[in-house]
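This briefing is meant to be read with the sequence and the model side by side. It takes up the sheet and its helices, then the relation of the copies, and then the contact between them.

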2 protein chains.
Amino acid sequence: MPNLSKPRAVVLFSGGLDSTTLLAIAIQEGYDAYALSFRYGQRHEAELRAAERLARAMGARQHRVFEVDLRSFGGSVLTSELPVPKGRDLSAAAGIPPTYVPARNTVFLALALAWAETLEAGHIFIGVNALDYSGYPDCRPEFIEAFERMARLATKAGVEGAERVRIHTPLINLRKAEIIRKGLALGVDYSQTVSCYDPLPEGEACGECDACQLRRRGFEENSIEDPAPYRASANIVR
Amino acid sequence: MPNLSKPRAVVLFSGGLDSTTLLAIAIQEGYDAYALSFRYGQRHEAELRAAERLARAMGARQHRVFEVDLRSFGGSVLTSELPVPKGRDLSAAAGIPPTYVPARNTVFLALALAWAETLEAGHIFIGVNALDYSGYPDCRPEFIEAFERMARLATKAGVEGAERVRIHTPLINLRKAEIIRKGLALGVDYSQTVSCYDPLPEGEACGECDACQLRRRGFEENSIEDPAPYRASANIVR
């Protein structure tokens, strides 16, 4: 039974560290959470299996996996056969990373908006971060504001004067270590979350891609061991 | 071989009357056209088969059918088992029609943007019309402008200063009869186009849904017989 006293929110939820923290925040803030994951041609299913388990354990009202195969458009190492870069020096990396998927957040937010409109949910949560991934154009606050403005014009609510959709980005100004601290305070079990761009089939992280490097550094800054499994041979960059 | 001297455009193309005219306009204006159709849970495949034939005949560089199953979100008679309304008095109809699909144009434009970014195409064409379908929030000029603004921030071009994407809506202020006149002047073969919301499996139109009524009226205002096939029993509203 949906809880009618709670506002509904669609939460973009990949099962990674950021969006799992995001889901915990949405639930803690009192939203009835509808978690939305995508099968978009990513290399591995481990992330989606983790998302399923986590959404249930954390008390999301629903969890849905939507198929949208961005592979067919190409343009990213995440949705192609190209190798994921390993051991990059992130402090020196500039520009848009090869892991950028063209218009991905626009597509994901548009689909979240479609579900939100059907649910009559006035809230969408997305775990974008403007600091660690500053190379991604669709993680910037000005993009999110422009999407929200567009979304209010796109929907019935924009015509009929109902509650207008709001895009929530509680992680946008947090560093990875701060996100982890916030999640731990909310009881997030990070052993279940998959962040790696190139994990083994069972979800063990490579330890060397950009996402692994950022994640490990975030745990180190909190002086905590990352509880997620890494592959035995991982050449950990410290 | 792509023609390097022509600017590339992604054209949202359903195989219906409006978007077929749109494709003809884009090609006539000198764009190298990449036609994009969607299998989004519509009731019939006739539209997609027609789109395939038309795109080839008209000289689109590529035609692609992208799967995005909006049925799973619900919210529209077009993607459900609910009956399509027939014989509505459109002059008296007010508000948002039951054929509205939540956030559909936002989702379609987002996917067009993903393909455009991969192709390095700076142009997207969409056949929205603010007059005949004034009940749809995502056909209004202010929605299109807001989408364009968002799209420029969403993409690599918005960061790297490359050509910024432009959304073209050449039909937005035309009445149906004017769209048909324009298409005929460009040599569009309307016998191939499917507009009906509820056609027979081979594509014969019902003659009574909102889309059929608008289309027939458009041909009548031009004193031309609609060359598209209608089902024998169609109770034509005149």
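In chain A, strand 4 (residues 123-125) pairs with strand 5 in the parallel sense, and 3 bridges join the two strands. The model is a predicted one, and the points below are grouped by topic.

**The sheet and helices of chain A**

- At the pairing just described, H123(A) stands opposite R166(A), which belongs to strand 5 of chain A.
- Helix 3 (residues 104-119) of chain A packs on the sheet, where it touches strand 1, strand 2, strand 3 and strand 4 of chain A, and its direction makes about 160 degrees with that of strand 1 of chain A.
- Helix 1 (residues 17-28) of chain A lies across strand 1 (8-12), strand 2 (32-39) and strand 4 of chain A, and it runs at about 170 degrees to strand 1 of chain A.
- The sheet of chain A is open and is formed by 5 strands in the order 3-2-1-4-5, with parallel pairing.
- Strand 3 (62-67) and strand 5 (166-168) of chain A stand at the edges of this sheet, and because each has a single partner strand, one side of each is left without a neighbour in the sheet.
- From one strand to the next, the twist in chain A averages 25 degrees.

**The sheet and helices of chain B**

- In chain B, too, 5 strands make an open sheet, in the order 3-2-1-4-5 and with parallel pairing.
- The edges are held by strand 3 (62-67) and strand 5 (166-168) of chain B, each of which has a single partner strand, so that one side of each lacks a neighbour in the sheet.
- The twist from one strand to the next averages 25 degrees in this chain.
- Strand 1 (residues 8-12) of chain B runs parallel to strand 2 (residues 32-39) of chain B and is joined to it by 5 bridges, and R8(B) stands opposite D32(B) of strand 2 of chain B.
- Helix 2 (residues 46-58) of chain B lies across strand 2 and strand 3 of chain B, running at about 160 degrees to strand 3 of chain B.
- Helix 3 (residues 104-119) of chain B lies across strand 1, strand 2, strand 3 and strand 4 (123-125) of chain B, at about 160 degrees to strand 1 of chain B.

**How the two copies are related**

- A turn of 180 degrees, with a shift of 0.0 Å along the axis, lays chain B on chain A with an RMSD of 0.0 Å.
- The two copies are therefore related as by a two-fold rotation axis.
- The same surface serves both copies, since 100% of the contact residues of chain B recur in chain A.

**The contact between the chains**

- In the contact, 36 residues of chain B meet 36 residues of chain A.
- On the side of chain B that touches chain A, the elements that give two or more residues are strand 3, helix 3, helix 4 (141-154) and helix 5 (156-160) of chain B.
- Helix 3 of chain B gives the most to that side, with 9 residues.
- By class, that side of chain B has 21 nonpolar, 7 polar and 8 charged residues.

**One residue in detail: F147(B)**

- F147(B) lies in helix 4 of chain B, and it counts as buried because it has 30 C-beta neighbours inside 10 Å.
- Apart from its neighbours within four places in sequence, F147(B) is in contact with M150(A), L109(B) and I167(B).
- F147(B) and I167(B) are 20 residues apart in sequence, and their C-alpha atoms are 8.3 Å apart in space.

Notes
Residues numbered from 1 in each chain as written. Chains lettered and ligands numbered in written order. Predicted model: local features only at pLDDT ≥ 70, side-chain atom pairs only at ≥ 80, totals over all residues. Least-squares fit on C-alpha atoms with pLDDT ≥ 70 in both. Contact = placed C-beta atoms within 7 Å. Pairing = 2+ DSSP bridges. Helix = DSSP H or I, 4+ residues; strand = E, 2+ residues; numbered from the N terminus. Axes fitted to C-alpha atoms, helices over the stretch in contact; angles between N-to-C directions. Nonpolar A, V, L, I, M, F, W, Y, C, P; charged D, E, K, R; others polar. Buried ≥ 20, exposed ≤ 12 C-beta atoms within 10 Å, placed from the backbone.
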